[in-house]
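Reader: Thanks for sitting down with me. Could you walk me through this model and tell me how each label is earned?

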Amino acid sequence: MRLLVLGGTEFAGRAVVEAALGRDWEVTVLNRGRHAPVPGARTLVGDRTAPGGLDALKDGEWDAVVDTWSAAPRAVHEAARLLRGRARRYVYVSSCSVYTWAPPAGYAEDAPLVEGAEPDAEQTDYPRDKRGGELAAVDAFGAADSVLVRAGLILGPYENIGRLPWWLTRTARGGPVLAPGPRELPLQYVDVRDLAEWICGAVEQGLSGPFNLISPQGHATMGELLEACVRVTGGPAELRWTAPEIVLDAGIEPWTQLPVWVPPGSDMHDALHSADVSRAVATGLVCRPVGETVADTWRWLQEIGGEAPQRPDRPRKGLDPEVEAKVLAAGGA
C-alpha cells in the first residue's frame with residue numbers, strides 16, 4: 001500500500017504513520033516540518049494554509065490519503081480536489097461532535113448532523129468545521145471512496161490535548177486526589193494506536209462511509225482509569241471518590257477541569273460515552289485494555305521528560321490544586 005498522511009508527526013497522524021509502516025506500507029507525509037518525522041516515512045514539506053502550500057503534492061499517486069485536519073474545511077477541500085484521480089480513497093478523521101447536540105444514548109451513524117457546515121468554509125466552530133471536512137472529502141472523492149472516521153475521546157502516547165497526561169501527572173504528585181464519581185461510571189474512548197490500526201484496516205478492506213470510532217460502551221470505567229494511573233505512576237496518591245453533585249456544586253467544569261469525566265445521567269455523558277460503535281467493531285475495531293493505554297502513555301511521558309506537548313488551539317486541561325484542596329477539605333470525599 002502507498003499511503004499519504006497529511007500531517008503525520010503528532011498524535012493521531014503519527015499513530016497512523018507508525019501503524020502503516022508496521023505493515024510495511026510505503027508512507028509519505030506532508031507537513032510544515034515543525035516536528036521530527038517518524039523514521040521510515042518519506043517527508044514532503046508544505047503548509048496547506050499558505051498559497052502554494054500543496055505544491056509538493058502535484059505529482060505522485062497513492063492508494064489512500066489520511067487527513068486529520070480540524071480547522072477550516074476549505075483546507076480539506078483543496079487537498080482532496082488536488083488528489084482526486086491520484087488517490088483511490090480519502091480517509092478523513094472527523095469527530096462525534098458532528099452530531100446535533102445532544103445525541104441520545106446509543107446514537108449511531110444515522111443520527112442527525114449539525115447544520116450550517118460547508119466544504120469550502122473558513123474556520124467557524126469545531127462541530128461545523130469537522131462536518132465541513134466530511135463534506136469536503138465526500139464532494140471530492142464521492143461517498144464510495146471516502147471514509148469518515150468519527151472519533152470520540154482519543155487517549156494514548158503522544159497525546160497533545162492534555163487529558164490522560166494530566167491525570168498521570170496528578171497521581172504521580174501524590175496525596176489525596178479528587179476522583180469524580182461514581183467509580184463505576186462507564187467510559188468510551190479509543191487508544192490512538194487502535195484508531196490507527198482500524199484506519200489501516202479500513203483502507204485494506206476498501207471501506208466507505210461514516211463510522212463511530214471509540215470503544216464499545218463500558219470498555220472501561222472511571223475507577224479503572226484512575227486506579228491504573230495510580231498504579232503505573234507509583235506515587236503515594238489516594239483517590240478520594242467524590243459524588244457528582246459535590247463536584248458540580250463546587251463549580252468544577254466536567255471534561256475540562258476534570259478531564260474525561262462527565263456526570264452520569266447528563267446529556268454530556270450520553271453524547272461522549274454512549275455511542276453505538278457496532279459498525280466499527282464489525283469491521284475490525286479491537287480495543288486494548290485501559291491499563292495498557294495508561295502504562296504506555298506514562299512510559300512515553302517519562303521518555304520526553306514528563307511534560308506532554310500541548311496543541312496551541314486547545315485549552316489546557318486540569319483542576320487547580322487550590323480548588324481541589326478546598327473541595328477535599330470541606331469533606332467532599
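Author: Happily. Contact here means heavy atoms within 4.5 Å, and angles run from 0 to 180 degrees between N-to-C directions. With that in hand, helix α3 (residues 126-141) lies across β5 and β6 and runs at about 170° to β5. Please keep in mind that this is a predicted model.

Reader: Which strands does α1 touch, and what angle does its direction make with that of β1?

Author: Let me set the sheet out before that. It is an open sheet of seven strands, in the order β3-β2-β1-β4-β5-β6-β11, with parallel pairing. Neighbouring strands in it are turned by 20° against each other on average, direction ignored. Packed on this sheet, α1 touches β1, β2 and β4, and its direction makes about 170° with that of β1.

Reader: How do you know that β1 and β2 pair?

Author: Pairing needs at least two bridges between the strands. β1 and β2 have five, in the parallel sense, so they qualify as a pair under that cut-off. One bridge partner in β2 is Thr28, which sits opposite Leu4.

Reader: What makes β3 and β11 stand at the edges of the sheet?

Author: Each has a single partner strand, so one side of β3 (42-45) and one side of β11 are left without a neighbour in the sheet.

Reader: Which residues have the most contacts inside the largest nonpolar core?

Author: They are Val27, Leu195, Trp198, Ile199 and Leu213, in a core of 45 residues. Among the elements giving two or more residues to this core are β1 (2-6), α1 (11-22), α5 (192-205) and β11 (209-213). Apart from it lies another core, of 37 residues, including Trp261 and Val290. As for Leu195, leaving aside neighbours within four places in sequence, it is in contact with Ala12, Val149, Ala151, Ile154, Val190 and Leu213.

Reader: Why is Cys96 called buried, and how do you know that it is in no disulfide?

Author: Buried means under 20% relative accessible area, and Cys96 has 10%, so it counts as buried. A disulfide needs two cysteine sulfur atoms within 2.5 Å, while the nearest cysteine sulfur to that of Cys96 belongs to Cys287, 13 Å away. Cys229 is in no disulfide either, with the sulfur of Cys287 the nearest at 18 Å. Cys229 is also buried, at 0% relative accessibility. The structure holds zero disulfides.

Reader: Why is the pair of Tyr99 and Tyr107 called edge-to-face?

Author: A search of the whole structure finds five aromatic pairs. Rings pair if their centres lie within 6.5 Å, and planes over 60 degrees apart count as edge-to-face. The centres of Tyr99 and Tyr107 are 5.1 Å apart and their planes stand at 65°, so the pair is edge-to-face. Both residues are buried.

Reader: And what makes the pair of Tyr158 and Trp300 tilted?

Author: Their ring centres are 5.7 Å apart, with planes at 50°. Since that angle is neither under 30 degrees nor over 60, the label is tilted. This pair links distant parts of the chain, 142 residues apart: Tyr158 is in the loop between β7 (154-155) and α4 (164-173), and Trp300 is in helix α10 (residues 290-303). Tyr158 is partly exposed at 28%, whereas Trp300 is buried at 6%.

Reader: Is Arg231 buried or exposed?

Author: Exposed means over 50%, and Arg231 has 58%, so it counts as exposed. Arg231 lies in helix α6 (residues 222-233).

Notes. Residues numbered from 1 in each chain as written. Predicted model: local features only at pLDDT ≥ 70, side-chain atom pairs only at ≥ 80, totals over all residues. Heavy atoms only, no water. Core = buried A, V, L, I, M, F, W, Y, C linked by side-chain atoms within 4.5 Å. Buried < 20%, exposed > 50% of the residue type's maximum accessible area, 1.4 Å probe, protein only. Helix = DSSP H or I, 4+ residues; strand = E, 2+ residues; numbered from the N terminus. Phe/Tyr/Trp six-rings, centres within 6.5 Å; stacked < 30°, edge-to-face > 60°.
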